[in-house]
Amino acid sequence: MAATLTRLTGRSGLLVAWPTISCRLYSTALVQQPKQKKGAPSKRTTESASQKKKANDADSVEEQLKALERMRRLPSVYTSTDIWGSPMASFDVQIPYDIRAMLRTFLSQRPYKMHRVRDIWFAIKHNTNNWLKNAFGMFTVAKANAFPGLTNIQLRIRPAVWRRLRGVQSHDSKSWLAPLRKIALETYRQANVAVARQNEEVLKALTVGEFQSKTLQVIRRREKGHKWFWDITSDTSDATFYVPDPTFMTRLCSCVSWLLRRKPSEPTPVVPPVTVVSIRAAEIYLAEQDPKVGHRLVIQALVKFDTTQVLKVTDRHGNPIKSELSKPHRVVQYIILEKIGWYDSPWKLKEQIYRK
């Protein structure tokens, strides 16, 4: 506030000096104040700030560890609750790139372009990253002895063990993921049949998360009176399902024939209907005691389904509705299968991934 003198005229005609008070805002006062030059912070100030930050970080880490310890002890107190069973987000499973096809396209198109070289280099890094994570996921599952259909897996420093750890995409019957591929195909078949027959109970037992919500929407939006008939027409027998891994000489001959640009004498390889392209596993059940059923892991596998399918639709009068889907057509889908280790439940379809 500031005091000023104001001249007023009285009844007698004399001038009277009367003190009045004029107000100004606080923000205006701050603006009008002389600004103080801010110097560089002293060493003591920076050291004290860094010490406070370190102390706060240490306290937060200690509080998180205490909270985790309380969570580990909670199942022994409340035996009917499962604090580890909350819905899980999808792990970082990845669809690998077909580097052979990219190289074939690159060599067939001239002049060579630099952006295609960068694309190939990116695909190599992407596949290498996925390969390393697959090997670590296989090691985690093998260490917990959590492969379906297999027991007493021994991790030893042997070439055969290493080949099976890195052989995620193998179609051999001796692969550690061979039983899982069978389970994936059967789950995929039962889920599609349940969608065709509008059996929500079976569908809820075989699916979870986003995949379940989308398939339920497909069922509930169907026109009344329409009937669906779905089936896989491609060969899913053991002859096409289990393909032995190629030997070193077979790979060498195919590589030489490709370099010489000759067609290999071998027949066209049969594409298996199911391929595991990516697998991840994490220990989620952190209670002090082991679960009563199963193991502590949550396993997610990205499975490629490459089949020939038929979907026939009839109206309420039983007349067939013409559609392209009524003819045999190839369908390629990448779907995540999830298994919660401490639940006595089957593998479930969780989410469909699309290639970019």
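A residue counts as buried under 20% relative accessible area, as exposed over 50%, and as partly exposed in between. Keep that scale in mind as you click through this predicted model.

**Stop 1: K182 and D238**

Start by selecting D238, which has a relative accessible area of 45% and is therefore partly exposed. Now add K182 to the selection: the two side chains meet in a salt bridge, with 3.1 Å from N to O. This pair links distant parts of the chain, since K182 sits in helix α6 (residues 178-197) and D238 in helix α9 (residues 238-241), 56 residues apart. K182 is partly exposed as well, at 32% relative accessible area.

**Stop 2: D306 and R330**

Next, select D306 and R330. Here the closest N and O atoms of the salt bridge are 2.6 Å apart. Color the strands and you will find D306 in β5 (residues 297-314) and R330 in β7 (residues 329-340), so this contact ties together parts that are 24 residues apart in sequence. Is each partner buried or exposed? D306 is buried, with a relative accessible area of 10%, whereas R330 is exposed, with 59%.

While you are looking at charged pairs, three residues deserve to be selected together: D92, K133 and R280 are joined into one network by salt bridges that share partners. The next stop takes up one contact in that group.

**Stop 3: D92 and R280**

Zoom in on D92 and R280, whose side chains form a salt bridge at 3.2 Å, N to O. Which parts of the chain does this pair tie together? D92 lies in the loop between α2 (43-77) and α3 (99-108), and R280 in strand β4 (residues 274-283), so the contact bridges parts that are 188 residues apart in sequence. Turn on a surface to compare the partners: D92 is partly exposed, with 38% relative accessible area, while R280, at 6%, counts as buried.

How many salt bridges does the structure hold? There are eight, and the pairs at these stops are among them.

**Stop 4: a nonpolar patch**

Finish on the surface by selecting W131, L132 and W162. These residues form a nonpolar patch there, and together they have about 320 Å² of accessible area. To place one of its members, follow helix α4 (residues 114-143), where L132 is found. L132 has a relative accessibility of 48%, so L132 counts as partly exposed.

How values were computed: Residues numbered from 1 in each chain as written. Predicted model: local features only at pLDDT ≥ 70, side-chain atom pairs only at ≥ 80, totals over all residues. Heavy atoms only, no water. Patch = residues over 30% accessible without salt bridge, like charges linked within 9 Å, V, L, I, M, F, W, Y side chains within 5 Å. Areas by Shrake-Rupley, 256 points an atom, 1.4 Å probe, with all protein chains shown as cover. Salt bridge = Lys/Arg side-chain N within 4 Å of Asp/Glu carboxyl O. Helix = DSSP H or I, 4+ residues; strand = E, 2+ residues; numbered from the N terminus. Buried < 20%, exposed > 50% of the residue type's maximum accessible area, 1.4 Å probe, protein only.
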